[in-house]
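Trainee: I'd like to learn how to read a two-chain model without getting lost. Could you take me through it feature by feature?

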Amino acid sequence: MPSKPAGTLYRGREGMWSWVAHRITGVGIFFFLLVHVLDTALVRVSPEAYNEVIGTYKNPIVGLMEVGLVGAILFHAFNGIRLILVDFWAKGPRNQRKLMIGVGVVWVVLFVPFVIRHLTHVFGG
Amino acid sequence: MSDIAAPRSSTHARSVKGGGRNRSGQTNFELYSWLFMRLSGLALVVLVLGHLFVNLMLGGGITALDFAFVAGKWANPLWQVWDLLMLWLAMLHGTNGMRTIINDYAEKDQTRFWLKALLITASIVIVVLGTLVIFTFDPCLDPHSTLSVCK
């Protein structure tokens, strides 16, 4: 395999950054998924074991990490729909900038109410 | 029919001749993988956002999650099927995404091989474990269970 030529950086602007963000959020979600199946599997051990581990999800620091996780999932979901539209919708590539703005709008519209509700649960007692 | 007579002959015609392989000697695995990411992705948007809405937005959200909450949900076959589908699709989608990333960034053949072996092992363990948990769940493991099946 040839080694990388030095001093090159692909400057693809928002198209490149959404691709990078899709990868990073995807990897993050994948590792959470592995942990989440393991913690759920504790329902087969005992109710006490499950309740104790799921209790850590209610801790304020973990609560803030959940906000990040949901933000990542919402981005990955709607950026994924944008990718599908670019691939399969005839007008997708021509409207790619508008689709990108659409992802941002949907993300904000769903994320803000979630943050308010979730942080009320986590910190409101 | 020769390749020259039909340079764009269908995948089917090619796969019949080449035993599932196209002219360049490769299978269509990457095409199906690309298509699978889009189809499973679409299903996962509904499955995962529905899961998040029911578990984190409705009722007490995260504060209401405990063994009884899980027991109540899995008493309904709809949620069993929902969670099983979500587990399988998310794991296949995630594992395939990780495979793509390993192929892109791990340059040595040996590194790629071992990373993929680790990935596939971990994925099989998680999918089998998760499936067993959904199918063998016993709500009456909780002596305080108020579900009618435990009385």
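**Reading the helices, the interface and the cores**

Mentor: Let's begin with one stretch: residues 20-41 of chain A are 100% helix and 0% strand, with the end C-alpha atoms 32 Å apart. Keep in mind that this is a predicted model.

Trainee: Which record annotation covers residues 20-41 of chain A?

Mentor: An unreviewed UniProt entry lists "transmembrane region" there, and also for residues 61-78 and 99-116 of chain A. An annotation like that may be inferred rather than shown by experiment, so set it beside the coordinates. Residues 61-78 of chain A come out as 100% helix and 0% strand, and their end C-alpha atoms lie 26 Å apart.

Trainee: And which residues of chain B does the "transmembrane region" annotation cover?

Mentor: For chain B, the unreviewed UniProt entry gives residues 31-54, 74-92 and 113-137. Residues 31-54 of chain B are 100% helix and 0% strand, with 35 Å between the end C-alpha atoms. For residues 113-137 of chain B the helix share is 96%, with 0% strand, and the end C-alpha atoms are 36 Å apart.

Trainee: Let me zoom out. How many helices and strands does each chain have?

Mentor: Chain A has 4 helices and 0 strands, running α-α-α-α from the N terminus. Chain B has 5 helices and 0 strands, in the pattern α-α-α-α-α.

Trainee: How do I judge whether chain A is spread out or compact?

Mentor: Set the radius of gyration against the globule rule. For chain A the radius is 19 Å, well over the 14 Å that the rule gives for 125 residues, so chain A is more spread out than a compact globule. Its C-alpha atoms fill a box of roughly 55 × 40 × 30 Å along the principal axes.

Trainee: What share of each chain is buried?

Mentor: In chain A, 17% of the 125 residues are buried; in chain B, 15% of the 151 residues are. You can also look at how far apart in sequence the contacting residues are. Taking contacts with a separation of 6 or more, residues 24 or more positions apart account for 63% in chain A and 59% in chain B.

Trainee: How should I check a single helix?

Mentor: Work out the expected span and compare. Helix α4 of chain A, residues 96-124, has 29 residues and should span 42 Å at 1.5 Å a residue; the end C-alpha atoms are 41 Å apart, which agrees. Then ask which of its residues are buried: in α4(A) they are L99(A), H118(A) and V122(A). What covers them includes α3 of chain A together with α2 of chain B.

Trainee: Chain B keeps turning up. How many residues are in contact between the chains?

Mentor: 33 residues of chain B are in contact with 32 residues of chain A. On the chain B side, the elements giving two or more residues are α2 (29-57), α3 (67-74), α4 (77-105) and α5 (109-136). Of these, α2(B) gives the most, with 9 residues. By residue type, that side divides into 21 nonpolar, 8 polar and 4 charged.

Trainee: Which residues touch the most other members of the largest nonpolar core?

Mentor: The core has 15 residues, and I73(A), L74(A), A77(A) and A90(B) touch the most other members. Two or more residues come from each of α1 (13-41) and α3 of chain A, and α2 and α4 of chain B. The biggest giver is α3(A), with 5 residues. Beyond its neighbours within four places in sequence, L74(A) is in contact with W107(A), L110(A) and F111(A). A second, separate core of 6 residues includes V43(A), F67(B), A71(B) and V133(B).

Trainee: Last one: which residue does UniProt list for "binding site"?

Mentor: The unreviewed entry lists H76(A). H76(A) is in helix α3 of chain A, residues 60-88.

Trainee: Why does H76(A) count as buried?

Mentor: You count C-beta neighbours; the cut-off is 20 or more within 10 Å. H76(A) has 22 inside 10 Å, so it counts as buried. Leaving out residues up to four places away in sequence, H76(A) touches H22(A), T25(A), G26(A) and I29(A).

How values were computed
Residues are numbered from 1 along each chain as its sequence is written. Chains are lettered from A and ligands numbered from 1 in the order in which they are written. This is a predicted model: local features need pLDDT of at least 70, side-chain atom pairs count only at pLDDT 80 or more; totals for chains, interfaces and linings use all residues. A residue is buried if 20 or more other C-beta atoms lie within 10 Å of its own, exposed if 12 or fewer, and partly exposed in between; C-beta atoms are placed from the backbone. Two residues are in contact if their C-beta atoms, placed from the backbone, lie within 7 Å. Ala, Val, Leu, Ile, Met, Phe, Trp, Tyr, Cys and Pro count as nonpolar, Asp, Glu, Lys and Arg as charged, and the others, Gly among them, as polar. The radius of gyration is taken over C-alpha atoms; the globule rule is 2.2 Å times the number of residues to the power 0.38. A nonpolar core is a set of buried Ala, Val, Leu, Ile, Met, Phe, Trp, Tyr and Cys residues joined through C-beta atoms within 7 Å. The expected span of a helix is 1.5 Å times one less than its number of residues.
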